[in-house]
Amino acid sequence: MSGPTRQGAVMKVRIGVAQTNKVVEIEVDDVSSFKKELERAVAAGELAWFADSKGRTVGVPAGQVAYVEIEDAESGPAVGFAPAV
């Protein structure tokens, strides 16, 4: 299942690391490339390295990825008490 991917738009990505309470949060410009690299690293059991839109580099142990959440960084989180639609 794949959702919308907007090339060129900054997307916020949160990666949960299994067996810890650590969440890695980065911003990426190319969601398609991010997904392909993470899928490749998970399949190979490698450490996945990513450079975000702010120039930071982060390494994620692909075998410990608990979840990946992708959000449009421009829209931001929803505010209020009603369910998100």
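Arg14 lies in strand E1. The model is predicted. Arg14 has a relative accessible area of 16%. The cut-off for buried is under 20%, so Arg14 counts as buried. Its side chain has two acidic partners listed here, Glu69 and Glu71.

| Side-chain pair | Polar contact |
|---|---|
| Arg14 and Glu69 | 2.6 Å |
| Arg14 and Glu71 | 2.7 Å |

The surroundings of Arg14 come from two stretches of chain. With neighbours within four places in sequence left aside, Arg14 is in contact with Val23, Val24 and Glu25, and also with Tyr67, Val68, Glu69 and Glu71.

**Overall layout**

The protein has five strands and one helix. Along the sequence they run β-β-α-β-β-β. Of its 85 residues, 27% count as buried. Take the contacts with a separation of 6 or more: 49% of them join residues 24 or more positions apart.

**The loop between E1 and E2**

Gln19 sits in the loop between E1 and E2. Its phi is near 65 degrees, a positive value in a residue other than glycine. Is Gln19 buried or exposed? Its relative accessibility is 79%, so Gln19 counts as exposed.

**Helix H1**

H1 covers residues 31-44, which makes 14 residues. From first C-alpha to last, H1 reaches 20 Å, close to the 20 Å expected at 1.5 Å a residue. Asp30 caps the N-terminal end. There, a side-chain oxygen of Asp30 lies 3.3 Å from the backbone nitrogen of Ser32. After the helix comes Gly45, with a positive phi near 70 degrees.

Which residues of H1 are buried? They are Val31, Phe34, Leu38 and Ala41. Viewed down the axis of H1, these buried residues fall within an arc of 100 degrees, so they line one face of the helix. Lys36, Glu39 and Ala43 are exposed on the other side of H1. Arg40 also lies in H1. Its relative accessibility is 39%, so Arg40 counts as partly exposed. Arg40 and Ala62 are 22 residues apart along the chain, and their C-alpha atoms are separated by 9.1 Å.

What do the buried residues of H1 pack against? Their partners are four strands: E1 (11-17), E2 (23-28), E3 (47-51) and E5 (65-72).

**The E3-E4 hairpin**

E3 shows an alternating pattern of side chains. Ala48 and Phe50 point to one face and are buried. Leu47, Trp49 and Ala51 point to the other face and are not buried.

Strand E4 spans residues 57-61 and pairs with E3 in the antiparallel sense, over five bridges. Both buried residues named above have a partner in E4. Ala48 has Val60 as its bridge partner, and Phe50 stands opposite Val58. Five residues separate E3 and E4 in this hairpin. One of the turn residues, Gly55, has a positive phi of about 90 degrees.

**The nonpolar core**

In soluble globular proteins, nonpolar side chains tend to be buried together. Here, the largest nonpolar core has 15 residues. Which of them have the most contacts inside the core? They are Val13, Ile15, Val24, Ile26, Val28, Phe34 and Phe50. E1, E2, H1 and E3 each supply at least two residues of this core.

Two residues from the sections above return here. Phe34 is one of the buried residues of H1. Phe50 belongs to the buried face of E3. Ile26 touches both Phe34 and Phe50.

The other residues that Ile26 touches include Met11, Lys12 and Val13. Asp52, Arg56 and Val58 are also among them. That list leaves out residues up to four places away in sequence. Val58 thus appears twice in this account: Ile26 touches Val58, and Phe50 stands opposite Val58 in E4.

Note on methods
Residues numbered from 1 in each chain as written. Predicted model: local features only at pLDDT ≥ 70, side-chain atom pairs only at ≥ 80, totals over all residues. Heavy atoms only, no water. Expected span 1.5 Å × (residues − 1). Buried < 20%, exposed > 50% of the residue type's maximum accessible area, 1.4 Å probe, protein only. Arc of directions from axis to C-beta. Contact = heavy atoms within 4.5 Å. Polar contact = N/O pair within 3.5 Å; in protein donor to acceptor, adjacent residues only side chain to side chain. Pairing = 2+ DSSP bridges. Core = buried A, V, L, I, M, F, W, Y, C linked by side-chain atoms within 4.5 Å.
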